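Thanks, everyone; I would like to take a few minutes to walk through one model, moving from a single element outwards to the chain. Please keep the structure open on your own screens while I talk.

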Amino acid sequence: MSKELEQLLLLAKSKSSEARARLAQNITDLFLSDDGRLSEHERALMSDILGKLVGQVERDIRRELSKALATSGVELPDIVKMLANDEIEIARPLLEKSMLLKDPDLIEIIRMRTDEHRMAIAMREDVSEPVSNALMEYGGEDVLETLLNNHDAQISKRAMEYMVAESRRVDRFQEPLLRRADLPGDLAYRMYWWVSAALRKRILQDYKVDPLLFEQAVKRAANVAMVEQGEEQSAYVRAQKLVRRMAENGELTVQFLLNALRQQRVAVFVAGVAELAGINFKTAWRIFSDKGGESFAVLAKAIGVDRNQFTSIYLLVVQAREGGAVKSPGVLKDILALFDQTSEANAKGALQVWQRDSAYQEAIEELDKVS
């Protein structure tokens, strides 16, 4: 055995504070140095000794050892796991950086230790989907926000759906979610309904939605079912029957809808845009009632409204919805700019997301009634 190792063992047996300080320094200088002064046999022996020693030495020594192990590249997985389960100031360097901690080790720490430990794991350069799932299951809001801000973390589609749903309740999840390059477009459009005006603009400008990804066959069936289930004398049902008859005869046009708005026949207008867009009446009404106006610009682009028609329709929609309130020229300019920037394909994709989510919410409400 080398003289250095013998000296290290003598220091480990001493109880004096001076000896303990020298022990910490010698461990980092000798055992964790890049010089490789210890043989493989000596390293294996020292690993066993350290394993027995770590639980007995002062926290300062454990902290220094943790820092050294985090950056040394020396393979001592058992010691690393032991220190990574220690109090957070000792564990943090290893939780954030050590590649010797594998997914099962990290998940066990996530399950058994504190949110501070989970936060350190959420900051790792490479977080796998299983580890992300564990963080979401056991972590608090600070942990989840840290994970979302870690753009190297891999987050599954299912976990992303959970975080999008939570963002409705926790505002601070919204911006980190929308900054992630791996957030699917359909989930971004789902968030549209509860985020701020600034984040709405980001969604509409930055996210693309492929309408082919979503169910196309249910559109007309959903509309027919809504009419059949409604009361026969309902103004909305009558409006839907009217526009469907006009559509079958090739008479349902944007100009007809513009005239309906001028005559303040709001139900006919909403039923008409729903028919042209292939969405249900409830989704169309939700868009019509959205005071921001951006979602209506998306709807108009999806059904082929031209720019001049959109200006007239938008002003009439505001008048019908808000009792004659006048939008400032700046607001109209912003809405027109958004209308110009939105592609027809992306607009159609957005409508499919909103339609699908509307049906999903209705299903949840029905389940709640049954239970």
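Let me start with helix H20, which is mostly covered, since nine of its nine residues are buried. Please bear in mind throughout that this is a predicted model. The buried residues of H20 include some that one would expect to find inside, such as Phe296, Val298 and Leu299, but Glu294, Ser295 and Lys301 are also among the buried residues of this helix. After H20 comes glycine 304, whose phi is positive, near 85 degrees.

What lines the second largest cavity? The lining consists of Phe269, Val273, Phe296, Leu299, Ala300, Ile303, Val305 and Ile313, and the elements that give two or more residues to it are helix H18, residues 266-277, and helix H20, residues 294-302. H20 provides the largest share of that lining, with three residues. In terms of class, the lining has eight nonpolar residues, and no polar and no charged ones. The space inside the second largest cavity is about 40 Å³, and a search of the whole structure finds two cavities of 30 Å³ or more.

One of those lining residues, Phe269, brings us to the nonpolar core. The largest nonpolar core has 100 residues, and Leu183, Phe269 and Phe310 are the ones that touch the most other members. The largest share of this core, eight residues, comes from H18. If we leave out residues up to four places away in sequence, phenylalanine 269 touches Leu257, Ala260, Leu261, Phe288, Phe296, Ile313 and Val317; of these, Phe296 and Ile313 also appear in the lining of the second largest cavity. As general background, nonpolar side chains tend to be buried together in soluble globular proteins.

Glu294, which I mentioned as a buried residue of H20, also appears in the lining of the second largest pocket. That pocket has a volume of about 220 Å³, and its lining includes Ala197, Lys201 and Gln205 as well as Val331, Asp334, Ile335 and Gln341. Helix H14, residues 197-206, and helix H22, residues 329-341, each supply at least two residues of the lining, and H22 gives the largest share, six residues. By class, the lining of this pocket has five nonpolar, three polar and three charged residues, whereas the lining of the second largest cavity has no polar and no charged residues.

Let me turn to the charged side chains, where the count comes to 17 salt bridges. Arginine 169 forms one of them with glutamate 141, with the closest N and O atoms 3.4 Å apart. Arginine 169 lies in the loop between helix H11 (157-167) and helix H12 (174-179), while glutamate 141 lies in helix H10 (residues 141-149), so this pair ties together parts that are 28 residues apart in sequence. Arginine 169 is exposed, with a relative accessible area of 55%, and glutamate 141 is partly exposed at 31%. Arginine 169 also meets glutamate 166 in a salt bridge, at 2.4 Å from N to O, and here the partner, glutamate 166, is buried, with a relative accessible area of 17%.

What about arginine 244, and which residue is its salt-bridge partner? The partner is glutamate 275, and the closest N and O atoms are 3.6 Å apart. Arginine 244 lies in helix H16 (residues 235-248) and glutamate 275 in helix H18, so the pair ties together parts that are 31 residues apart in sequence. Both of these residues, arginine 244 and glutamate 275, are buried. Returning to arginine 169, salt bridges that share partners join Glu141, Asp142, Glu145, Glu166, Arg169 and Arg172 into one network.

Finally, let me place these details in the chain as a whole. The protein chain has 23 helices and zero strands, and 48% of its 371 residues count as buried. Among contacts with a separation of 6 or more, residues 24 or more positions apart account for 61%.

Notes: Residues numbered from 1 in each chain as written. Predicted model: local features only at pLDDT ≥ 70, side-chain atom pairs only at ≥ 80, totals over all residues. Heavy atoms only, no water. 1 Å grid on protein atoms, 1.4 Å probe; cavity = no way out; pocket = protein on both sides within 12 Å on 5 of 7 lines; lining within 4 Å. Points joined across faces, edges and corners; volume = space filled by probe spheres on them. Helix = DSSP H or I, 4+ residues; strand = E, 2+ residues; numbered from the N terminus. Nonpolar A, V, L, I, M, F, W, Y, C, P; charged D, E, K, R; others polar. Salt bridge = Lys/Arg side-chain N within 4 Å of Asp/Glu carboxyl O. Buried < 20%, exposed > 50% of the residue type's maximum accessible area, 1.4 Å probe, protein only. Core = buried A, V, L, I, M, F, W, Y, C linked by side-chain atoms within 4.5 Å. Contact = heavy atoms within 4.5 Å.
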